[in-house]
Amino acid sequence: MTLDEIKKVVIAGAGTMGASMAQIFAEKGYTVVVRGHSERGLERAKHLIEVNQASLVEAGDISSEESAALQSRLSFTRESDCLEDCDIVIESIVEDLKVKQDFFEMVSKIVKPDCILATNTSGLSITKIAENVVGKERFCGMHWFNPPHIVPLIEVINGDETDQAVADVVYQLSLKVGKKPIYVKKDAPGFIANRIQSAILREAVYIVEQGIGDYSDVDGAMKYGLGFRYACLGPCEVVDQGGLDIHHHIASYLWEDLSDAKKPSGQFEEIYQAGNYGVKTGKGFYDYSGDKADKAVQARDAMYLAMAKCNPTGVGEKYGYEN
């Protein structure tokens, strides 16, 4: 399957991620089918896309006419016959290894021999998911980030038997729909971004537990300091700009004092065990009761959209530096 041959996309999974991914492909002119397991889930996906579209229209990023055209390229189903003539299947179902294995074993026997199969797993082994797939060489990871209709990053992950040519097509497809892909060359737990994110979260919780600062202090340090820089430069680039000698000196005394916890513990574990999962339950590290949850999501998307318009990559290209 070549990039130009991809016309019909099936998104398996009608949750928040699947709905947003479907929206992006429809925006770029692809015929998109969202396959879900319940009518309720499919209706929710339709609603999520409508809400996302309304936000984009309100922000002036697309017109009402463009939004209507997008809707015409989308369809929703619980049936499997949509798989028979599609060119790529991107799965975004429950994060359970056995469920994903069973799904792809079934799908690989229905689709065309050259149909590309991709999973949006956040960190499960690509090789293990593909264990029972017919045609393992056409299987890879395509990990999007929430909310997919705004966040640019996609990780393209090779399994042990992935054909590099297939990974290259998925990489090019990511570029074609306006994303910024990276290659994950080795199938490692958490891939790249979630390993970094988990390391940051571990230290953030540890800082609060040690009384060094509270959650708002930690988030403030990230948003207005580290995050401000990391929106333009990666951690290795930041060190090069600041001086590797300085950062090496800091690392020589600081790294031994950082958290090396191997499992979630302390306040993080306590909050989780109490059933407080964040925005979705109305409470997490912060309180989201009443209308605070909706306001938090709206504010998040507004900030992400503003950040996306900055286009730091374009600035780098202006100066002859590809970041």
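A crossover is right-handed if, with the strands pointing away from the viewer, the path from the first strand over the helix to the second runs clockwise. Helices (H or I, at least four residues) and strands (E, at least two) are DSSP runs, numbered from the N terminus. The model is predicted: local features need pLDDT of at least 70, side-chain atom pairs count only at pLDDT 80 or more, and totals for chains, interfaces and linings use all residues. Residues are numbered from 1 along each chain as its sequence is written, and side-chain values use heavy atoms, with hydrogens and water left out.

**View 1. A right-handed β-α-β unit joins strand 7, helix 6 and strand 8.** Helix 6 covers residues 164-176. Strand 7 (residues 153-158) pairs with strand 8 (residues 180-184) over five bridges, in the parallel sense. Pairing takes at least two DSSP bridges between two strands. E155 has I182 of strand 8 as its bridge partner.

**View 2. Eight strands form an open sheet with mixed pairing.** Their order is 3-2-1-4-5-6-7-8. Strand 3 (74-77) and strand 8 are the edges; each has a single partner strand, so one side of each lacks a neighbour in the sheet. On average, neighbouring strands are turned by 25° against each other, direction ignored.

**View 3. Strand 6 (residues 139-144) and strand 7 pair in the antiparallel sense.** Five bridges link them. G141 is the bridge partner of I157 in strand 7.

**View 4. Helix 6 lies across strands 4, 5, 6, 7 and 8.** Helix 6 runs at about 160° to strand 8. Angles run from 0 to 180 degrees between N-to-C directions, with axes fitted to C-alpha atoms, for helices over the stretch in contact. Contact means heavy atoms within 4.5 Å.
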